[in-house]
Amino acid sequence: MDEKQILLKKYFGSEKFRPGQEKSINAILSGRDVFAIMPTGSGKSLCYQLPALMVSGLTLVVSPLISLMKDQVEALNAKGIPAAYINSSMSYYDMRSIREGVKNRLYRLLYVSPERLSDKDFISLAAVADISVVAVDEAHCISQWGPGFRPAYLKIAQFISTLPRRPVVGAFTATATKRVKKDIIRLLELDSPKMVSTGYDRPNLYFSVIKCENKYHKLAGLVERLSGESGIIYCQTRNTVESVYNRLISDGYSVCKYHAGMSESDRRKSQNDFTRGKARIMAATCAFGMGINKPDISFIIHMSMPKDMESYYQEVGRAGRDGRRAVCILLYSPRDAELAHWMIENSDTAKELSARELKREKRLKLKRLSSMKAYCETCSCLRAHILRYFGERPRRKCKGCSNCKPDREIWGKTKEK
């Protein structure tokens, strides 16, 4: 048993690597940049967490969400891996303590937001931190062609150029179209990266689009049919979350809720209740789900059409991580597309962009929305539509979507191997 296998078992409790993990790890350990595209729930974080135990210096992880940083750092520390994060929610004294720990080489991993990389004090700290690896999580945020574009990601390459020596750079994402891939490689200035892609097909996920106007009535029937299963109901707005939550509570279901209008402590409690099985159903906006470690989610229901295929695929990817059959149901009304179009046209966009860039960003969002609408309205294979969108060629009809196999055949079978 080599050192990687020993560390995998000791710190992460696994006997073998999942697809794509070992290739990514080997690339980092050999000093080569890596670009890994692996579905939600496939274990991307281990691709840089395990090498952090083997390289000599610090592994810097660029992560977009404060909550995700906290969860990953807490999980690493619980495993006995020294890790820390720096973000705007910390007190001055806590931040000073972390900085001293970095200077004294106390940590193997340090998590920061992309905005932190432009801070002069942090740049000074990084110069003496002996950074060996920079891991960019949610790397698609660097591209205007992808969802969740974050202008601060554009400064990552510039930050790396300020370091005394160039570290190994790893880019990790669950979704990337051909154009987004090119942007990630170019804008992060990846040097002949090892390309790792495990494919987008999730055979154990059953995809269904149900066209309906009375969505609450349809939802009640679906939840009754899925009685005893654990799942997430995604809603477009906070008000819809509250409505779904209140209705399910009044119907006697075990449910919790999650959205940005709740206090951090309430969101944390809901998350814990769901992941630990105290509540069977989570009603949430898209703010919930990233970094959630719950393998037995057997259904995902969307109350309306997501804004793009990338967001949809990432959200449904939280189901079926235990390898069992899971259902992904989208309740669709043509009004969904009209509302999404209006929201894009009237949304507040990034102030860091020029008027020309803002116009381009809006055009790209509308194009992605059009692809999502086509998914909801197609009569052909839903799985094939998803795979083609991400540049893969489907081999044959999947027999695992509502257009290839009627919904009635999967009820009661969500737990089949």
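Two strands count as paired if DSSP finds at least two bridges between them. In this predicted model, an open sheet of 7 strands follows the order S3-S4-S2-S5-S6-S1-S7 and has parallel pairing. The points below take up this sheet, the helices packed on it, and a contact between two further helices.

**The sheet**
- The edge strands are S3 (83-86) and S7 (194-197), each of which pairs on one side only, and the twist from one strand to the next averages 15°.
- Strand S2, made of residues 58-62, pairs with strand S5, made of residues 131-136, in the parallel sense over 5 bridges.
- Within this pairing, Val-62 has Val-136 of S5 as its bridge partner.

**Helices on the sheet**
- Helix H4 (residues 66-78) packs on the sheet and touches S3 and strand S4 (109-112), with its direction at about 160° to that of S3.
- Helix H8 (residues 178-187) also packs on the sheet, where it touches strand S1 (34-37), strand S6 (168-173) and S7, and its direction makes about 155° with that of S1.

**Helices H12 and H15**
- Helix H12 (residues 309-316) packs with helix H15 (residues 382-389) at an angle of about 120°, and their axes lie 11 Å apart.
- H12 is therefore oblique to H15, and the crossing of the two helices is left-handed.
- On the H12 side the contact is made by Met-309, Glu-310 and Tyr-313, while H15 contributes His-385, Ile-386 and Tyr-389.
- Sorted by class, the contact of H12 with H15 has 4 nonpolar, 1 polar and 1 charged residues.

Conventions: Residues numbered from 1 in each chain as written. Predicted model: local features only at pLDDT ≥ 70, side-chain atom pairs only at ≥ 80, totals over all residues. Heavy atoms only, no water. Axes fitted to C-alpha atoms, helices over the stretch in contact; angles between N-to-C directions. Helix = DSSP H or I, 4+ residues; strand = E, 2+ residues; numbered from the N terminus. Parallel < 35°, antiparallel > 145°, perpendicular 65-115°, else oblique. Left-handed = near helix turned anticlockwise from the far one by under 90°. Contact = heavy atoms within 4.5 Å. Nonpolar A, V, L, I, M, F, W, Y, C, P; charged D, E, K, R; others polar.
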